[in-house]
Amino acid sequence: MTMENKGLLEGKHILIVDDEPDVLDTLSELLTMCDIDRAISFAEARKKLDNGSYDMAILDIMGVDGYALLDIATEKNITAVMLTANALSPEDTIKSHKKGAAYYLPKEEMANIEQHLNDVLKAQAEGKNT
């Protein structure tokens with residue numbers, strides 16, 4: 001990864017929503033260059049989205065009603081990345097895209113989250129479709 005890409009995430013305010021504490025811990029550890037807020041439930045995430053200002057939201061689909069959170073994030077112009085434990089299904093990918101998600105990421109790819117988020121930010125900065 002180039003230094004140019006590495007700086008895109010620096011200081012970004014990111015909300016991570018997942019009902020599994022270990023996923024929240026892993027993502028927080030991988031994104032130490034960001035200002036991270038965490039939520040373990042739909043209600044907690046909704047409150048944070050309503051009261052906070054975020055550059056990006058990483059939303060689990062199952063367990064926290066990720067699609068409803070995606071609607072809120074999209075309405076607030078927050079870049080949303082959907083996270084799923086399930087294999088990429090065409091239906092979920094299309095649904096995520098139509099509802100405004102910038103990216104759809106299987107949990108097996110969490111170790112590479114920094115690169116994926118940088119790719120999203122770089123595409124946005126260049127005016128490209130994510």
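**Exercise 1. Which residues of α3 meet A68, L69 and I72 in α4? Then describe the packing of the two helices.**

Step 1. F42, A45, R46, L49 and D50 are the α3 residues that meet A68, L69 and I72 in α4. Contact means heavy atoms within 4.5 Å. Helices (H or I, at least four residues) and strands (E, at least two) are DSSP runs, numbered from the N terminus.

Step 2. The model is predicted: local features need pLDDT of at least 70, side-chain atom pairs count only at pLDDT 80 or more, and totals for chains, interfaces and linings use all residues. Residues are numbered from 1 along each chain as its sequence is written, and side-chain values use heavy atoms, with hydrogens and water left out.

Step 3. Two packed helices are described by the angle between their axes and the distance between the axes. Helix α3 (residues 42-51) packs against helix α4 (residues 66-75) at about 0 degrees, with the axes 10 Å apart. Axes are lines fitted to C-alpha atoms, for helices over the stretch in contact, and angles run from 0 to 180 degrees between N-to-C directions.

Step 4. So α3 is roughly parallel to α4; that label covers angles under 35 degrees.

**Exercise 2. In what order do the 5 strands form the open sheet? Place the helices on the sheet.**

Step 1. The order is β2-β1-β3-β4-β5, with parallel pairing. Two strands pair if DSSP finds at least two bridges between them.

Step 2. β2 and β5 are the edge strands, each pairing on one side only. Neighbouring strands are turned by 20 degrees against each other on average, direction ignored.

Step 3. α2 packs on this sheet and touches β1, β2, β3 and β4. The direction of α2 makes about 175 degrees with that of β2. α3 lies across β1 and β2, at about 140 degrees to β2.

Step 4. Check two pairs. Strands β1 (residues 13-17) and β2 (residues 35-39) run parallel, joined by 5 bridges. β3 (residues 56-60) and β4 (residues 79-84) also pair in the parallel sense, over 5 bridges. In this pair, A57 stands opposite A80.

**Exercise 3. Is K107 buried or exposed? Locate K107 and list its contacts.**

Step 1. K107 sits in the loop between β5 (103-106) and α6 (113-125).

Step 2. K107 is buried because its relative accessible area is 12%. Buried means under 20% relative accessible area, exposed over 50%, partly exposed in between (1.4 Å probe, protein chains only).

Step 3. Leaving aside neighbours within four places in sequence, K107 is in contact with D18, E20, V23, D60, L83, T84 and A85.

Key. Parallel < 35°, antiparallel > 145°, perpendicular 65-115°, else oblique.
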